[in-house]
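Let's take a friendly walk through a protein model together. Have the sequence and the 3D view ready, and find each place as we come to it.

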Amino acid sequence: MIDLRSDTLTKPTDEMRAAMARAEVGDDVYGEDPTVIRLEERVAGLFGHEAALFTPTGSMANVLAVRSLVAAGQEVLCEASAHIARAELGAHGAYTGLTMRTWIHPRGQVDLPTIRSIFAPDMGPFFVATTAISVENTHNFAGGAVLPLQDLRDLREYATGVGVGVHMDGARIWNAHVATGTPLVEYGAVADVLAVCLSKGLGAPVGSLMVGSRDAIAEARVWRKRMGGGMRQAGILAAAGLHALDHHVERLADDHAHARVLAEACGVDPATVDTNIVVAQRSDAAAFVAAAAEQGVLVSAVGPTAVRLVTHLDVSRDDAEKAAAVLARL
Ligand SMILES: *Cc1c(COP(=O)(O)O)cnc(C)c1O
């Protein structure tokens, strides 16, 4: 089976497992796990922020990050197919008590004119107040689309001007970095808080981080524990993340090249494939998924007429070419 359902499906490499086995550990709820501390300091530094917090999942990092900017009864603006809006099972409403309003962009991009038109300042006891704007880079359901740095800078300037925060869901920020050559610190500079994943393209088995100011991270540490996310000898997991940062970032370029091979086979213009995700329109996505599985290629339906293919660490060039041949036939 060639598994293109998601880049979360990767299994840790032998080298990664060895790094995990060697990890120095302590009780991280006591703040005594040296490997977790090393990972948090390193990731904070990569984005030019003061601090970071290791979390079990990207969803938890997003909930903690958004709630640092938005209180119960306030709202965050985001794109309609954002992961925070669609794929976290209402966590932000359920835990934080915030609401969301959305703009729609087929490529998941920043749409500043629409954001300006729906933004609501504090208008007293009449309208929910906007206190943050969230962007997703790369944008998962928009097919791994990269958000151009200039758009993010314009958004940062606007948000600062109207006094609201910016959250970036950077689950795949590494892919944006490798695809465009934009330094991570430039992405860090346009957001007050970020969530980044180690368990997607980077190939770690578990783990994400929230990145932000010292104060925001201190408060998030309390909320992480409250939510049941305090982990003890988590250095074993953090070691996988450190290994991934050392060895699995630059190679994302291979995943991007493999995605373009698959795109071509599916009749999708490779020029529209920014990173490692291809979304192809098929009149009957479910039937297409079943037919591909029968021929040894696993893909997923992300809508009644949309099929998603994702390349990753466990898909070689040879796998990509074999899968492309199967998909082209279908
Ligand atoms: C995967 C993903 C997350 C986090 O997902 P978890 O499964 O909770 O780790 C967040 N945002 C985006 C865009 C994602 O693709």
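## A loop with a positive phi

L89 sits in the loop that links α4 (83-86) to α5 (91-96). This is a predicted model, so keep that in mind as you look around. The backbone of L89 is worth a look: phi is near 55 degrees, a positive value in a residue other than glycine. Is L89 buried or exposed? With a relative accessible area of 84%, L89 is exposed, because anything over 50% counts as exposed.

## Another exposed loop residue

Now find A72, in the loop between α3 (58-67) and β3 (75-79). A72 has a relative accessible area of 55% and is therefore exposed too. Setting aside neighbours within four places in sequence, A72 touches T96, G97 and L98. For a sense of scale, pick out A244 as well: A72 and A244 are 172 residues apart along the chain, and their C-alpha atoms are separated by 36 Å.

## A buried histidine

H248 lies in the loop between α11 (235-247) and α12. Its relative accessibility is 6%, so H248 counts as buried. Which residues does H248 contact, once neighbours within four places in sequence are left aside? They are T13, M16, L202, H243 and L313.

One of these contacts, T13, is 235 residues away from H248 along the chain. Even so many places apart in sequence, the C-alpha atoms of H248 and T13 are separated by 11 Å.

## A cis peptide bond

Next, look at the step from N137 to T138. The peptide bond here is cis, with omega near 0 degrees. T138 belongs to the loop between β5 (130-136) and α7 (149-162).

## Helix α8 and its surroundings

Helix α8 covers residues 173-180. Most of this helix is covered, with six of its eight residues buried. The buried ones are I173, W174, N175, A176, H177 and V178. What lies over them? The cover includes the helices α2 (34-46), α9 (184-189), α11 and α12, along with the strands β6 (165-170) and β7 (193-197). Just after α8 comes G181, which has a positive phi near 75 degrees.

## How α8 packs against α12

Two packed helices are described by the angle between their axes and the distance between those axes. For α8 and α12 (residues 252-265), the angle is about 80 degrees and the axes are 9 Å apart. The two helices are therefore roughly perpendicular.

Which residues meet where α8 and α12 touch? On the α8 side they are W174, N175, V178 and A179, and on the α12 side L252, A253 and H256. Sorted by class, this contact has five nonpolar residues, two polar ones and no charged ones.

## The whole protein

Finally, zoom out. The protein has 14 helices and 12 strands. Its C-alpha trace spans about 60 × 50 × 35 Å along the principal axes. A compact globule of 330 residues would have a radius of gyration near 20 Å, and the protein agrees because its own value is 20 Å.

Of the 330 residues, 55% are buried. The protein exposes about 13400 Å², and carbon and sulfur atoms supply 53% of that area. Among contacts between residues at least 6 apart in sequence, 74% join residues at least 24 apart.

Note on methods: Residues numbered from 1 in each chain as written. Predicted model: local features only at pLDDT ≥ 70, side-chain atom pairs only at ≥ 80, totals over all residues. Heavy atoms only, no water. Axes fitted to C-alpha atoms, helices over the stretch in contact; angles between N-to-C directions. Helix = DSSP H or I, 4+ residues; strand = E, 2+ residues; numbered from the N terminus. Parallel < 35°, antiparallel > 145°, perpendicular 65-115°, else oblique. Contact = heavy atoms within 4.5 Å. Nonpolar A, V, L, I, M, F, W, Y, C, P; charged D, E, K, R; others polar. Rg over C-alpha atoms; globule rule 2.2 N^0.38 Å. Buried < 20%, exposed > 50% of the residue type's maximum accessible area, 1.4 Å probe, protein only. Areas by Shrake-Rupley, 256 points an atom, 1.4 Å probe, with all protein chains shown as cover.
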